[in-house]
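Welcome, and please get your viewer ready. This tour goes from one selection to the next, with a short note at each stop.

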Amino acid sequence: MILGRPAALAALAALACAWVLAWAAPAEARIERFAVLIGNNAGERGEVELRYAEDDAAKMYDVLKDLGGFPPANLVLLRGEGAETVRRTLITMNDRVRAAVSSPDTDVLYLVYYSGHADANALHLGPAPLSLTEFEQLVRGSAASARLLIVDSCRSGALTRVKGGTSAPPFVIKLDQRLAGQGMVTLTSSSGNEDAQESDELKGSFFTHALVSGLLGTADADRDGAVSLEEAYRHAYESTLRATSRTWAGAQHPTFRYDLRGQGKLILTELPVHASLRGVLRFPLGRSYLVMRDSSEGPVAAEVGASDATRTLSLRPGRYFVRGRGPDFLLEGTVEAEAGQAIDVGDERLSRVTFARLVRKGGGVREIAHGPVAGYQFRTPILQGGSSCHGGFVGYAVELQHLGVATRLSACHSAFQNEHLTASNDDLGLDVRLSHAWDLPVVTLGVGVDLGLAVMRQRFETSGHAPDRHGLAGAFGAGAGANVDLVGGFYLGVEAAAQTYVFKQQRAGGEEGEIAPSLAARLRVGVGMSL
């Protein structure tokens, strides 16, 4: 049975009622668990090498070992191995499963996970492919009471990379025949001809990241301390769909396929059983949190989504870097997870970071911040005997990691008066500023250079004849500035610069003068908003 999005969600209730006969063994029955986790970044010749497929397999290995009740002796992790190694491993594991099933009062759960390149015919494990039919049969033919196959593979696109590099028919695993034993469930990361996407921010695929986060606790919808297959799938489905709906490649819909005999819940991880060995982090409502091991550059451990009802994660003891995402800022900080302890990760534990600072920090969280700015401008006289020029400016600023670019349109008015006449000067200017900034705890400091043009108009009031004058001036200069972050993404900015204006100056009596420079100082104070 193959289910799309509407049918898949409707069928989750059926999964909640599934597996009863599969696990309706006598009370003294023993459940033994086996798993093979396969990750391969390489594909066939010409395919783009993946970054995180092997890491995704390692994450699944860790969570099954730590919380899933899978003994290390029954777990095999294959990273970057070819088709022949994968084939031999699955055959060997089938022999071990068969031996375990032959023991009295023993049920076996067998889980196989794959992350890497694939098409409709084969898994692309480097130069030599593994036939999809053979791969499926090796899992389906296992003597295990229950088999769970998880496949995170497909193609991808633009901003987030695709799993696979070439166009191919939809990735399909067929379940046309009744399975041996009690049943089998297959989870896939996408449906139809969709792309299975990787994320640089998550350092992994969207689907596996959501699945692992769910198994660490966020999928425990009924909060009974155990994450069932149905809960894990629902969480992975909704989280993957929500995250990929914001990517250029488009929404990705995980699917499940099943052929079962019986009813019941299949538990994948049990949180309280391992509580004394794990640290628990609890997160407040209202925003999403990304958790990295050791530091902001460390591997991503898990995520709590803004809409997740369950806000706890069971993690290995150690230091974690937490990043909470608000509407126009992030909250960041380190937290120590201690064995047997639960910690509330409230806002008071974290530091507020604006989007502009995130861009300058780099690391792929944001690549650009931008927004409007407006304020007051003051400039010293550029004409002999004139007064200071007062006015305002509006503009738009763009922040990249190493460079800031700001365009400003300004206007100011000054006056001049002597015993013979009164003059008023109006300037309209346009300039572009390139700058570099350094973020300090409270303030951001920057230096920059700018280049611009100004249109100047001079009007006279006199008893004689003095026609209006118009002129064009080029301007260049350098200066420094400081920004202080306010609330709601706003900031207060102060900018001072030394400017040189070059224009044709006229002598008394209306005689044409030469083009000459004039020095001035400019001060701007304004309020901007970072988007």
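**Stop 1: S424 and its surroundings**

Start by selecting S424, which sits in strand β25 (residues 421–439). Helices (H or I, at least four residues) and strands (E, at least two) are DSSP runs numbered from the N terminus. This is a predicted model, in which local features need pLDDT of at least 70 and side-chain atom pairs count only at pLDDT 80 or more, while totals for chains, interfaces and linings use all residues. Residues are numbered from 1 along each chain as its sequence is written, and side-chain values use heavy atoms, with hydrogens and water left out.

Is S424 buried or exposed? S424 is buried, because its relative accessible area is 15%; buried means under 20% relative accessible area, exposed over 50%, and partly exposed in between (1.4 Å probe, protein chains only). Now show what surrounds S424: apart from neighbours within four places in sequence, S424 is in contact with H413, S414, A415, R457, Q458 and R459. Contact here means heavy atoms within 4.5 Å.

**Stop 2: across to R457**

One of those contacts of S424 is R457, so select that residue next. R457 belongs to strand β26 (residues 443–462) and is partly exposed, with a relative accessible area of 36%. Leaving out neighbours within four places in sequence, the contacts of R457 are S424, N425, D426, D468, R469 and H470. Try a distance label from R457 to H470: their C-alpha atoms are 4.6 Å apart, and the two residues are 13 apart along the chain.

**Stop 3: the disulfide**

Select the cysteines C389 and C412, which are joined by a disulfide with an S to S distance of 2.0 Å. A disulfide is counted when a pair of cysteine sulfur atoms lies within 2.5 Å, and the count by this rule is 1. The pair links distant parts of the chain: C389 is in strand β23 (residues 389–399) and C412 in strand β24 (residues 404–417), 23 residues apart. Set a dihedral about the S-S bond and you should read 95°, a right-handed link between C389 and C412. C389 counts as buried because its relative accessibility is 0%, and C412 counts as buried at 6%.

**Stop 4: a three-stranded sheet**

Move on to an open sheet of 3 strands, in the order β17-β14-β20, with mixed pairing. Two strands pair if DSSP finds at least two bridges between them. The edge strands, each pairing on one side only, are β17 (312–315) and β20 (342–344). From one strand to the next the twist averages 20°, using axes that are lines fitted to C-alpha atoms (for helices over the stretch in contact) and angles from 0 to 180 degrees between N-to-C directions.

Zoom in on β14 (residues 279–282), which runs parallel to β20 and is joined to that strand by 3 bridges. Which residue of β20 is the bridge partner of R282? The partner is D344.

**Stop 5: helix α4**

Select helix α4 (residues 132–140), where the buried residues are L132, F135, E136, L138, V139 and R140. At the start of α4, look for a side-chain oxygen of S131, which comes to within 3.3 Å of the backbone nitrogen of T133.

**Last stop: the whole chain**

Zoom out to the full chain, with its 7 helices and 29 strands. Buried residues account for 51% of the 531 residues. Among contacts between residues at least 6 apart in sequence, 67% join residues at least 24 apart.

Conventions:
Polar contact = N/O pair within 3.5 Å; in protein donor to acceptor, adjacent residues only side chain to side chain.
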